[in-house]
Each structure stands twice: as structure tokens, then as C-alpha cells.
Number of protein chains: 4
Amino acid sequence: MNDHTERLQDIAHLGHVELLTPKPEESLWYFTELLGLEAVHAEGQSVYLRGYGDYATTSFKLTEAPAPGIGHVAWRTVSEAALERRAQAIAATDLGLGWSNGDFGHGRCYRFRDPDGHLMEVYYEEARYDAPEGKRSALKNQPMRYSGRGAGVRRLDHLAMLANEVGPNRAFVAQHLGLQVREQVIYQNGGFEVGAWMSTTAVHHELAYVIDAKGAHGRLHHISFWIDNREDVLRAADILSENGVFIETGPAKHNNSQAFYLYSYEPGGNRVEIYSGGYLVFAPDFQPVVWNEEERGTGVYWGGALPDSFLQYATPDVAASADETAGVTPEVPKIDPL
Amino acid sequence: MNDHTERLQDIAHLGHVELLTPKPEESLWYFTELLGLEAVHAEGQSVYLRGYGDYATTSFKLTEAPAPGIGHVAWRTVSEAALERRAQAIAATDLGLGWSNGDFGHGRCYRFRDPDGHLMEVYYEEARYDAPEGKRSALKNQPMRYSGRGAGVRRLDHLAMLANEVGPNRAFVAQHLGLQVREQVIYQNGGFEVGAWMSTTAVHHELAYVIDAKGAHGRLHHISFWIDNREDVLRAADILSENGVFIETGPAKHNNSQAFYLYSYEPGGNRVEIYSGGYLVFAPDFQPVVWNEEERGTGVYWGGALPDSFLQYATPDVAASADETAGVTPEVPKIDPL
Amino acid sequence: MNDHTERLQDIAHLGHVELLTPKPEESLWYFTELLGLEAVHAEGQSVYLRGYGDYATTSFKLTEAPAPGIGHVAWRTVSEAALERRAQAIAATDLGLGWSNGDFGHGRCYRFRDPDGHLMEVYYEEARYDAPEGKRSALKNQPMRYSGRGAGVRRLDHLAMLANEVGPNRAFVAQHLGLQVREQVIYQNGGFEVGAWMSTTAVHHELAYVIDAKGAHGRLHHISFWIDNREDVLRAADILSENGVFIETGPAKHNNSQAFYLYSYEPGGNRVEIYSGGYLVFAPDFQPVVWNEEERGTGVYWGGALPDSFLQYATPDVAASADETAGVTPEVPKIDPL
Amino acid sequence: MNDHTERLQDIAHLGHVELLTPKPEESLWYFTELLGLEAVHAEGQSVYLRGYGDYATTSFKLTEAPAPGIGHVAWRTVSEAALERRAQAIAATDLGLGWSNGDFGHGRCYRFRDPDGHLMEVYYEEARYDAPEGKRSALKNQPMRYSGRGAGVRRLDHLAMLANEVGPNRAFVAQHLGLQVREQVIYQNGGFEVGAWMSTTAVHHELAYVIDAKGAHGRLHHISFWIDNREDVLRAADILSENGVFIETGPAKHNNSQAFYLYSYEPGGNRVEIYSGGYLVFAPDFQPVVWNEEERGTGVYWGGALPDSFLQYATPDVAASADETAGVTPEVPKIDPL
């Protein structure tokens with residue numbers, strides 16, 4: 001554990017995320033006009049987008065579907081060799097699905113599911129964004145011109161998924177993708193893992209698993225886009241408000257991650273975070289920060305609490321599960337994922 | 001080059017920096033009262049400090065000396081084994097100096113010089129900061145209480161050193177420490193390397209080498225501390241101004257690194273940067289951004305130029321070198337290190 | 001109404017406020033160390049303070065008392081003649097109390113009560129702050145050095161008082177002090193005035209009256225200090241949190257006034273706001289903005305709601321009034337003063 | 001001087017400004033797409049614009065003309081009676097021009113010139129902005145929806161005009177418009193008035209007169225638009241940079257006014273400021289702050305200097321005047337208007 005050289009380093013970073021929406025046009029408006037993402041390609045039922053700071057051609061795929069939710073989560077490996085290693089290791093579990101020919105913006109990928117059922121893939125070959133005339137930045141080191149449109153989010157940052165059980169999913173992505181745990185919320189004297197926040201880079205977390213209060217599987221809590229300054233988050237709140245978008249909570253500061261957040265629902269129903277701040281992790285022997293009930297409190301640093309919807313709503317929305325209905329999980333504590 | 005798994009990953013990050021000052025009391029006042037660093041220990045002619053966000057007990061050592069300048073630059077390895085590997089590899093060059101028993105806050109280290117003569121060391125064992133009562137943060141994941149004192153810098157970020165020649169030094173730290181090049185300024189159709197910005201983490205740069213306009217060796221251009229928001233940098237400028245500290249340039253935005261900067265001289269004469277923004281690097285196959293004369297311009301993104309002192313002054317200050325006097329280096333272009 | 005020349009302009013601005021506290025030492029710590037006010041004088045049971053941007057020697061008096069609450073509210077007139085006019089006009093009502101010899105920082109004043117019983121005074125002669133050596137700003141146009149201590153509030157901005165009935169108090173200060181109504185919250189089809197926000201300057205409001213949910217008299221909802229940037233408000237929230245101060249609500253944005261707010265309780269029990277943003281009023285024929293139940297909503301622009309305490313708690317704290325106990329005022333709607 | 005009631009209060013505030021441009025389409029693009037102003041009307045060679053926070057229908061008129069410069073400066077009175085008084089008083093000087101029927105957005109006005117020749121007018125009747133469907137804000141107290149387009153300036157703030165002599169112009173607007181002096185730069189032991197900053201409201205200045213270094217008449221130094229936060233100014237600098245607009249100087253902080261500024265040239269050649277911060281003036285007996293050579297320094301608070309163009313360039317641009325050519329004004333010091 002202390003020897004970083006033994007740490008699996010095949011995954012470079014969270015590569016891209018596919019989001020499902022039953023309202024593709026309205027969702028596209030939200031992401032391009034309000035968040036300020038750039039649409040770079042359309043194909044089939046999907047539009048491919050990017051933040052002005054993403055180096056890849058696309059980091060975000062928006063796909064029409066009957067219900068909102070997560071399409072898939074893609075991880076870029078550090079090399080072709082690393083991709084092979086990951087594919088082989090995952091294929092040896094019962095969660096591997098097989099190779100795919102890739103998609104717009106990236107090459108072949110190996111697809112699999114996490115224990116909770118979320119679809120994932122690993123890939124290496126990535127099309128670096130080459131800004132066309134008119135989209136080039138005055139800054140040579142910036143992949144694309146800052147348009148100033150909408151909130152102007154810079155890049156995909158992370159996502160949080162719900163899981164019927166946190167532990168097995170956390171363990172799976174730690175073992176097979178090399179994600180390191182940054183923070184955990186564990187209640188009941190260590191007996192109940194409410195959530196785990198994990199990353200392969202210095203960024204606080206790229207993926208979080210949080211317990212699904214409704215006992216369902218494969219759901220999304222939120223995806224999150226980075227913006228450079230807290231003032232940008234405040235400005236984003238004005239833009240969302242002027243456009244009639246439901247702000248669920250924020251802008252405010254989490255204690256977990258220290259990040260400054262703003263959660264709204266895009267028209268398709270998915271929860272989207274605009275995110276800034278937090279802290280970077282550099283220590284090779286970083287010890288996860290574990291919060292119990294008392295320490296975690298409401299999860300809101302400056303006081304107040306997250307609304308019930310934040311703890312109950314996810315996509316796709318589901319009715320209470322049979323278990324829940326049967327009273328099997330009444331002891332599930334209030335949870336507050338990032 | 002494309003295979004990240006082959007990349008040397010023995011160094012985790014820039015660990016700490018020692019700064020020399022002929023005015024230890026005034027310098028200490030500057031760093032603690034104006035920048036907001038915390039002094040955690042004093043020993044001999046040195047005081048050991050930290051930012052509230054540094055996980056190590058100390059990231060910055062301030063030592064009395066006849067002249068200002070850099071004392072040494074320390075890199076933390078990812079493990080003991082990595083430390084051994086680095087020591088052996090460097091010992092095989094003619095730049096190794098040998099093992100030292102360590103210092104307050106960290107264990108044994110292997111010392112060496114870079115080709116330009118700057119003193120460096122690698123170490124692994126580090127004392128994680130354990131905040132005493134009264135210094136603990138309300139945030140469990142924050143190593144220390146945010147005091148709100150002075151500018152309130154969060155952590156050590158990077159340093160920029162001058163070198164008689166950039167290339168050999170860049171190559172040395174790439175080979176032996178695994179630093180990756182992020183940006184370069186190369187003039188004269190590739191014939192003259194003005195500077196190189198390098199890192200081992202997702203942070204834009206931890207170390208820069210910039211040509212020494214005076215042809216000297218072993219000098220420091222600046223050390224830099226991170227602050228979370230650009231507004232904090234503006235506020236810092238007010239604090240420095242109210243305290244009569246010379247602001248050399250900024251707050252403004254570099255094109256190289258995209259960072260928002262503020263440079264002042266601490267009382268001992270060293271240039272210190274308060275720094276925020278910039279961009280993180282995640283691509284395993286990141287291609288260094290190279291700027292030529294025209295692209296680089298003044299180095300200031302929004303217009304204007306860096307003052308002459310920024311290009312000429314470094315610590316220790318030196319008279320024109322013999323070479324310079326002899327007219328050997330009149331072709332040295334104006335340089336603008338970060 | 002449309003003819004501004006007919007408008008009473010005898011009052012220049014809100015001059016100073018006296019706050020009562022049962023915990024004078026702790027309160028003083030809060031105002032000087034956390035908010036960053038400067039103590040300039042102590043006399044009897046009082047300490048006199050100022051923000052670095054206040055032009056007067058003191059804008060805020062903190063006085064030991066058995067219970068928290070408002071001591072008095074002082075208005076500066078535009079001239080001695082205006083002071084005489086105001087004194088005569090108020091003396092002609094049954095609310096005048098008579099002349100006083102003044103206090104530290106200002107000359108004679110005429111004291112009176114508003115209909116709800118809050119103590120007020122008008123005065124003209126004011127001691128402009130003359131910063132002693134060591135407190136002078138590097139900016140000639142800034143009355144005092146920006147210390148950077150704590151949140152660093154700039155100046156007294158406004159206060160909000162509760163009243164058993166809003167209308168008579170609003171009318172009194174409009175008639176006798178020339179305060180103009182900026183915004184009102186009126187429920188029940190115009191039948192129930194929940195609050196009125198008023199000013200004599202371009203600043204959005206210097207004084208608000210809000211209905212006292214407990215049917216009491218003479219109480220304070222909050223006093224408010226201005227800070228220049230919203231980022232400063234966010235930073236203040238960190239400082240308050242690190243010092244264990246209860247943050248009641250915010251940072252967030254009101255719809256009424258558009259201001260960015262942060263409410264905490266000082267140790268003596270009084271609610272204090274750190275405030276930035278909002279809008280200035282220049283129109284000579286400005287029409288008050290009136291909000292009904294639906295328009296007002298929760299009073300929080302970006303969503304969420306103010307906590308019950310914000311609507312129920314004021315200083316001095318009182319048990320339910322006899323009227324309330326008797327069920328006379330059950331129809332009092334939820335109120336949300338700024 | 002001390003008796004505020006004697007102060008002329010016929011003028012409520014700076015009402016609107018007309019700017020001349022030889023490149024109307026490009027200028028319109030700059031003001032709407034980059035600054036974020038809203039075009040509300042077009043007529044003849046003019047387009048009428050507004051900031052989202054301006055209460056009037058229009059605060060800014062952009063008119064095609066052979067050369068850039070100021071068209072006219074309009075002051076709103078507090079009433080019709082005040083308008084009559086102002087018209088009569090000015091008519092009694094030799095600078096009155098007579099009544100005009102008004103223009104889009106306002107009623108009849110009385111036109112005149114200041115001693116330096118700039119065209120001005122006073123008016124009372126103003127069309128309050130009534131936002132059409134789709135432009136209404138979610139905030140009832142905000143005249144128009146915040147679009148988030150471009151820099152998103154809120155409102156017209158002030159303008160600075162050059163004058164062959166400052167004193168007579170300052171005296172004229174003080175006497176006839178009631179503008180109060182806030183700050184002055186006076187060199188040569190009181191012998192040479194470089195500039196005067198004046199206002200009728202709590203806002204630091206609505207109008208500045210600065211000496212014309214070229215000895216010309218009737219020229220404009222800059223017009224200035226307010227934005228709420230310094231972060232917005234920094235963001236504006238990115239937007240201007242990405243759009244190839246020349247940034248002359250800033251973002252930085254003036255010592256005079258304490259304001260945070262960013263100056264660029266709109267395509268027609270006029271200098272435009274994006275402005276935030278500064279301080280409000282409430283004292284009825286405010287004493288102007290006067291800066292001499294040493295105190296004024298470069299005019300830039302945090303160090304550095306304003307570029308020569310800032311001191312030399314104005315619109316319309318002129319060749320050196322005969323006087324200047326003849327060497328009559330070589331003693332004109334470097335000037336640095338806000």
C-alpha cells in the first residue's frame with residue numbers, strides 16, 4: 001500500500017462519459033447554451049461535446065434514450081500495452097463484455113460492467129482536438145477558444161454513481177482500474193459504507209460510488225463539469241436561474257472534497273454539477289479521509305443541509321424497490337453524495 | 001515516449017524548497033504575516049514553514065545566509081525502493097553528493113546537484129502534518145485550519161530556476177527525476193532554448209529552468225505558492241501594497257501556463273510568486289507546447305509586458321558575468337520566465 | 001412624488017449603529033478578529049469600532065448589556081440646519097426624546113423613537129477619521145489601511161429591524177427622515193405588509209422594517225457590513241467556520257435586493273450579515289418593487305429556503321407574546337427579511 | 001460648502017452617452033457581443049443600447065460618424081422643474097444651445113456645450129425600460145434578464161473627457177450641473193490641474209475632465225461600463241483577448257478611485273473601460289482627495305505604469321496641435337486619467 005511503484009497505473013484518467021436523455025434537443029440546449037460546451041459531432045442518436053479545456057476531441061456524449069441515466073463511462077489507459085493488460089484482467093472476471101471498435105473520437109475499447117451494472121470501457125487511442133479556424137484560442141496552450149457562452153465550463157471533471165452496495169464497486173475499480181480512495185463516508189461504526197470517492201489522478205475524485213437509497217442498480221447521481229473560479233459558479237447560478245432551470249442545491253461548499261458546487265437538472269432529468277475548488281492529492285501514501293455520521297453532518301460545510309431530493313433522486317428515476325417497500329432497508333441512513 | 005508505463009514514476013512530487021535570506025526576521029514576517037504561511041519549527045539558522053493545505057509537516061525552509069537564493073530543492077519519491085533507484089542512478093553520474101540523514105520533517109535523503117549547480121535531494125520518508133489543538137481545521141480533509149491571516153496561500157506550488165543553459169538541466173531532471181516537459185520557449189528557429197516548464201504531477205509545472213541572462217549559475221528566479229482563487233491574488237496585492245512590499249509585476253495572466261500571477265520581492269531579496277489558475281495535464285501522451293518569439297510575445301496574455309527587472313534580476317544578484325562583459329552573450333534574447 | 005426637489009433630503013445617510021451584547025469580550029473578538037473591524041476607542045461599557053472604508057471615526061458601537069439587541073440607530077444630516085429641521089419636526093410628534101450632548105465621534109444629537117420603539121438619533125457633527133501612523137493606507141483616498149485581518153469588511157451597510165407593524169414605522173422614517181422605499185413584500189392581496197426596505201442614498205437599503213413574527217417590539221433582525229466582492233463573502237464563510245461561529249444561512253443570493261449574503265450569530269446572540277452586491281438606485285422617480293407571496297417565494301434567488309430561525313429569531317429573544325399565545329396572530333405568514 | 005441643503009441637486013445622475021464610430025457594424029458587434037449590451041432600437045445612423053441593469057430604456061447611443069469621439073453627454077434632472085431651472089441657468093451663459101425635442105427613450109432636452117466644447121444636454125422625461133417577453137429577468141427588481149452574453153456589463157458608469165484646461169470645465173459642471181469633486185490630480189504645487197473626477201451621486205465619479213496632452217478640444221478619453229465583480233473584469237479580458245480586441249491596459253487597480261479597470265479600444269477607435277469596485281461617497285461634507293506628483297505616481301496602485309498611449313491617445317485622434325508643435329506646452333506632465 002505504501003509502495004507507489006506497486007500501484008496499478010494503467011489508467012491515465014477518466015476519459016469521457018455518455019449521458020442518456022429522453023429530451024435530446026432540450027438537453028443539447030442546456031449543455032451548449034447554458035453550460036457552454038461545444039458540440040463537435042453528431043451521429044445516430046448522439047451528439048458529441050467537449051469543454052474548451054478538454055484536450056480530447058470529445059469528453060461527453062449525449063444520446064437520446066427512453067429514460068435519463070448514464071450511458072457508459074470510459075477510462076483512458078496510459079498506453080496500448082496498458083489497455084491490453086486491463087482488458088485481459090477484466091476479461092478474467094465475469095464482468096467483461098468484449099472489445100468494441102470504438103466510437104467518434106477514440107479507438108477500440110474493451111467494454112465491461114462494474115458489479116452494480118454500470119457500463120464502462122477502457123481505451124487508449126484518442127483523437128486530440130484540433131480546433132478548426134475560428135475555434136482556435138489566442139492561447140497556444142488552450143485546446144479551444146474560450147467562447148464566453150453560458151457558464152463556460154472548462155472540462156469534464158467527474159461523475160457520481162449510485163450502487164446497491166458501495167464496497168464491491170469500490171473494490172472492483174480499485175483492483176481493475178487502479179482508482180485510489182480519497183474519501184469515504186462510513187456510518188454505523190464502520191458497518192455501513194455510504195460512499196467512496198476515488199481517482200487515478202491528482203484531481204480529488206473522478207468517480208464516486210454512493211449507496212442507492214432506493215436499492216436500485218446502475219443509476220447515476222450526477223456528472224460534473226469543472227469551472228475555474230467560484231465566481232464562475234455564482235455566475236452560472238444566475239444563468240441557470242434566468243433560463244428557468246431547476247437548481248437543486250448550491251452554490252455552496254461540501255465538507256467532503258472541499259469543493260464549491262452547484263447542482264441543477266438538465267432538461268432530460270439528469271443531475272449536473274458545476275464544480276470548482278476542492279483540493280489536489282499529491283502524497284503517494286495518501287490516507288483516505290473517512291467520515292462518520294457526526295463528522296459528515298449534512299455534508300454542507302458552511303451550514304444548512306442538502307435537500308431530500310439530493311438524497312432520493314437519481315436517473316433513471318425508479319419507484320421504491322421491492323426491498324424498500326418490504327421494509328428491508330429502512331435503516332438506510334440519509335446519504336449525501338458529492 | 002507514448003508508453004506511459006515506461007515513464008519513470010519514481011518521483012511523486014516536489015517536496016519542499018529551502019530559501020536563503022540575509023534578513024531572516026523580515027523574511028519570516030513576510031512569509032507568515034503577509035503570505036500567511038505557518039511556522040512550525042525553528043532550528044539553527046532555519047525556520048520551517050507550511051501552507052495550510054500542505055500535507056507534509058513542512059514544505060518550505062527559510063534559512064539565514066549571507067545572500068538570498070535557493071538553498072535546496074527536494075523531491076519526494078513514491079517509495080523507499082524508488083528512493084534507492086533514484087539515488088543509485090544519480091550516483092552513477094558525476095553530480096551525486098551522497099546520502100544525508102534528513103532534516104526536520106523528513107527522513108534520509110540523497111543529495112546531488114543539477115548540471116547548473118543547484119542543490120537538490122530526493123527522499124521518501126515524510127512526517128505528515130498532525131495539527132495540534134487550536135490549529136485543526138473544521139474540515140477533516142484539510143491538514144490545518146485556514147487562519148485567514150495575510151494572503152492565506154494554500155501550498156507550495158513550484159519554483160523557477162535560472163540556468164546557464166536550459167537544455168542539459170531539462171534533460172537531467174527528465175532522465176533522473178522523471179519530470180515531463182509541459183511548455184518550452186525556444187527562439188531562433190529552434191536554436192535557443194529560453195526556458196522549459198516541467199512536472200511530475202498533473203500540476204502544470206513544479207520546476208522551470210530559464211536561461212540566465214547574466215550567464216551565471218545556480219540562481220533562483222522565483223518560488224511560487226498556490227492560492228485557490230484569482231480574487232485571493234488580487235486581495236494579496238492589496239495586502240502587499242499596504243505593507244510596503246515591492247510588487248514587481250501582476251496581478252496578470254501569463255500566456256505560458258495560463259496562470260494568474262503576482263510577483264513581489266520578499267525582504268531578503270528573493271522573488272516570490274502568488275499563483276492561481278493555470279491548467280492541469282492529464283494526457284499520458286501530452287505534447288509539450290513550444291512557443292517561438294512571435295507566439296511568446298511578452299508572455300503576458302492580456303497585453304503589456306514584464307518589466308526589465310523580471311528578466312534581469314535573480315538571486316543571488318550578480319554583476320555582469322565575465323562572459324557577458326566580454327560580449328559573448330549579447331545575443332541572449334529578452335527572456336520571460338514564469 | 002415625482003418631483004425629487006420636493007423630496008426631503010435632510011438626512012445624508014445611516015451614520016452609526018449601537019449593538020448590545022451580554023458577552024462583550026467575545027463579541028469584540030468576533031467583530032475585530034473575524035469581521036476585521038477596527039476598535040478605535042473604549043469608554044464605559046462600550047467599544048467604538050469602524051470598517052476600514054468608513055469615513056467617520058466610528059460607525060459601530062458595541063455596548064455591554066443584559067441582553068442582545070439594538071442600542072440605537074443614528075442618522076447623519078446634511079447640515080446643522082438640516083439637523084435643526086429634523087429635530088423640530090420630530091419634536092412635534094410624540095416620539096421625540098430630546099437633545100443629547102453627543103458621544104465619542106459625533107456632536108450633539110436629537111434622540112427619538114420610531115413607532116415600534118427602536119431608539120434613534122439624528123446628528124450632523126462628525127469626527128472624520130484621521131488614521132494614526134501605522135494605520136494609514138497606501139491609498140490616499142482610503143480612510144484606513146486594509147489590514148487583511150479576518151473577513152475584512154469595508155463599512156457599515158444597513159440594518160433590519162423587526163416591528164409589530166411595518167406600515168407605521170415605514171411611514172414615520174419616510175416622513176421624518178426622508179427614507180425612500182426600495183422594495184416591499186406585501187402579502188394577502190396588499191393587505192399585509194411583511195417588510196419594507198428603505199434608503200436615503202443610492203445604496204439599495206440602509207434600513208429595513210420586517211414584521212415581528214412574535215408580535216414583540218423594538219427588536220433587531222440583523223446588522224449588515226459591506227464587503228467588496230462575493231469572493232470575500234465566501235472567504236468569510238471559511239473564517240467563520242474555522243472559528244466555530246454559527247452560520248445561519250448563506251452564502252447565497254436574495255431575490256429582494258439581489259444581494260449576496262452570509263448570516264451568522266455573533267457571540268452575544270445578534271445576527272450579523274456580511275453583504276456584497278445588490279444594485280444601486282439612481283432614478284429620481286424610482287418605483288418601489290413590490291413582491292407578493294408568489295413572487296417572493298422563499299426569498300432565496302437560486303433556490304432553497306431560509307431556515308426557520310431566520311424567520312423566528314431576533315434580538316432580544318422573546319418568548320411567544322401574549323397575543324401570539326392567544327392565537328391572535330396565527331395568520332402571520334412566514335417572513336423572510338433580508 | 002458644508003451645507004448640503006444649499007447644494008444644487010437638480011441633476012439626478014448621468015443619463016446617457018452618445019458615442020461616434022466610423023465603423024458602426026464592428027462597433028455594434030463589440031458592444032453587444034463582447035460587452036454584452038442589448039440593442040433596443042435603431043434609427044437613422046444610430047443604434048440605442050442598454051446594460052441589463054440600466055433602468056432607462058437606453059443609456060448608450062452608438063452613431064455612425066466620420067471619426068470616433070463623443071457625440072453628446074446627457075444628464076437626467078430630478079424633475080421637470082429642475083430641468084427648467086437648469087435650462088434657464090445655462091441659457092444665461094454663452095454656452096446654451098437651446099431646446100431639442102428629445103430622442104428615442106427620453107423627452108425634450110436642453111442642449112449646451114461645456115467650455116471645452118463637448119456637447120451636453122439635460123432632460124427629465126425618461127422611458128423606463130419595460131422588458132419584452134423573453135427579456136424579462138427572473139428577478140423582479142432587475143430591469144432585464146442577465147443574458148450571460150459576452151462580458152455582461154451591468155450599466156453605464158461614467159466617462160472621462162479631455163479638455164484643454166481642466167479648471168473651467170470642472171467649475172462649469174459644478175456650478176450648472178451640481179457635480180461634486182471627488183478627486184483631483186494637481187501638479188506643480190497646485191499650479192497645474194491635471195484632472196478632476198466628479199459626481200452627482202454616491203458613485204465615485206460620473207464624469208472626469210483630464211488635461212488634453214495634445215492641446216485639443218472636445219475629445220473623449222473613455223467611456224466606462226460597470227460590471228459587478230472583479231472576476232467579471234478578468235473574464236472580460238479573456239473574452240476580449242479571444243476576439244482579437246486590443247487591450248490597452250489592465251486588468252489592474254487605480255489608486256485614484258480604487259477602481260479595478262480594463263481598457264480596450266472598440267473597433268471604431270474609442271477607448272472603453274470595463275470597471276468594477278471603487279468606493280461610494282456618502283459624506284455630505286466630503287473633502288476632495290487631491291494628489292500631487294509624488295502621491296499620484298503612475299496612477300496604478302499595485303505597481304507598473306500606464307502605457308504612453310493611455311496618456312496620448314484620445315478620440316478623435318489629432319495630430320500634435322500647433323501649440324504643441326510650437327513647443328508651447330512642453331511642460332505638460334505625463335497624465336493618467338482614469
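A residue is called buried if 20 or more other C-beta atoms lie within 10 Å of its own, exposed if 12 or fewer, and partly exposed in between, with C-beta atoms placed from the backbone. The model toured here is predicted: local features need pLDDT of at least 70, side-chain atom pairs count only at pLDDT 80 or more, and totals for chains, interfaces and linings use all residues. Residues are numbered from 1 along each chain as its sequence is written, while chains are lettered from A and ligands numbered from 1 in the order in which they are written.

**Stop 1: helix α1 of chain B**

Select residues 24-34 of chain B, which form helix α1. Helices (H or I, at least four residues) and strands (E, at least two) are DSSP runs, numbered from the N terminus. Within α1(B), the buried residues are Ser27(B), Leu28(B), Tyr30(B), Phe31(B) and Leu34(B). Against which elements do the buried residues of α1(B) pack? Their partners in chain B are β1, β2 (38-43), β3 (46-50), β4 (60-64) and α4. Here and below, two residues are in contact if their C-beta atoms, placed from the backbone, lie within 7 Å. Continue to Gly36(B), just after α1(B), where phi is positive at about 90°.

**Stop 2: chains A and B**

Display chains A and B together. A rotation of 180° with 0.0 Å of shift along its axis places chain B on chain A, with an RMSD of 0.0 Å; this is the relation of a two-fold axis. The superposition is by least squares on the C-alpha atoms of residues with pLDDT of at least 70 in both copies.

Now colour the contact residues: 36 residues of chain B touch 36 residues of chain A. On the chain B side, β1 (11-21), α2 (80-91), α4 (230-242) and β17 (289-291) each contribute at least two residues. By class, that side holds 15 nonpolar, 14 polar and seven charged residues. In these classes, Ala, Val, Leu, Ile, Met, Phe, Trp, Tyr, Cys and Pro count as nonpolar, Asp, Glu, Lys and Arg as charged, and the others, Gly among them, as polar. Since 100% of the interface residues of chain B are also interface residues in chain A, the copies meet through the same surface.

**Stop 3: chains C and D**

Turn to chains C and D. Chain D superposes on chain C after a rotation of 180° with 0.0 Å of shift along the axis (RMSD 0.0 Å). The same surface serves both copies, as 100% of the contact residues of chain D recur in chain C. Here 36 residues of chain D are in contact with 36 residues of chain C.

**Stop 4: the α4 helices**

Select residues 230-242 in chains A and C, helix α4 of each; the two axes come within 10 Å and cross at roughly 110°. Axes are lines fitted to C-alpha atoms, for helices over the stretch in contact, and angles run from 0 to 180 degrees between N-to-C directions. The angle makes α4(A) roughly perpendicular to α4(C), a term for angles of 65 to 115 degrees. Which residues make the contact? Arg230(A), Glu231(A) and Leu234(A) meet Arg230(C), Glu231(C) and Leu234(C). Two nonpolar, no polar and four charged residues make up this contact.

Next, select α4(B) and α4(D), whose axes also come within 10 Å and cross at roughly 110°. The contact consists of Arg230(B), Glu231(B) and Leu234(B) with Arg230(D), Glu231(D) and Leu234(D).

**Stop 5: backbone details**

Most residues other than glycine have a negative phi, and most peptide bonds are trans. The following sites are therefore worth selecting individually. 

- Centre on Ser257(B), in the loop between β14 (247-253) and β15 (259-265) of chain B. Phi of Ser257(B) is near 80°, a positive value in a residue other than glycine, and with 25 C-beta neighbours inside 10 Å Ser257(B) counts as buried.
- Go to Asn189(D), in the loop between β10 (180-187) and β11 (192-199) of chain D. Phi of Asn189(D), a residue other than glycine, is positive, near 55°. Is Asn189(D) buried or exposed? Asn189(D) counts as exposed, with 8 C-beta neighbours inside 10 Å.
- Select Thr315(B) and Pro316(B), which are joined by a cis peptide bond with omega of about -5°. Pro316(B) lies in the loop between α6 (308-312) and α7 (322-325) of chain B.
- In chain C, the peptide bond from Gly250(C) to Pro251(C) is cis, with omega near 0°. Pro251(C) belongs to strand β14 (residues 247-253) of chain C.

**Stop 6: Ser79 of chain D**

Finish at Ser79(D), in the loop between β5 (69-77) and α2 of chain D. Ser79(D) is partly exposed, with 19 other C-beta atoms within 10 Å. Add Tyr123(D), which is 44 residues from Ser79(D) along the chain; their C-alpha atoms are separated by 8.8 Å.

Key: Parallel < 35°, antiparallel > 145°, perpendicular 65-115°, else oblique.
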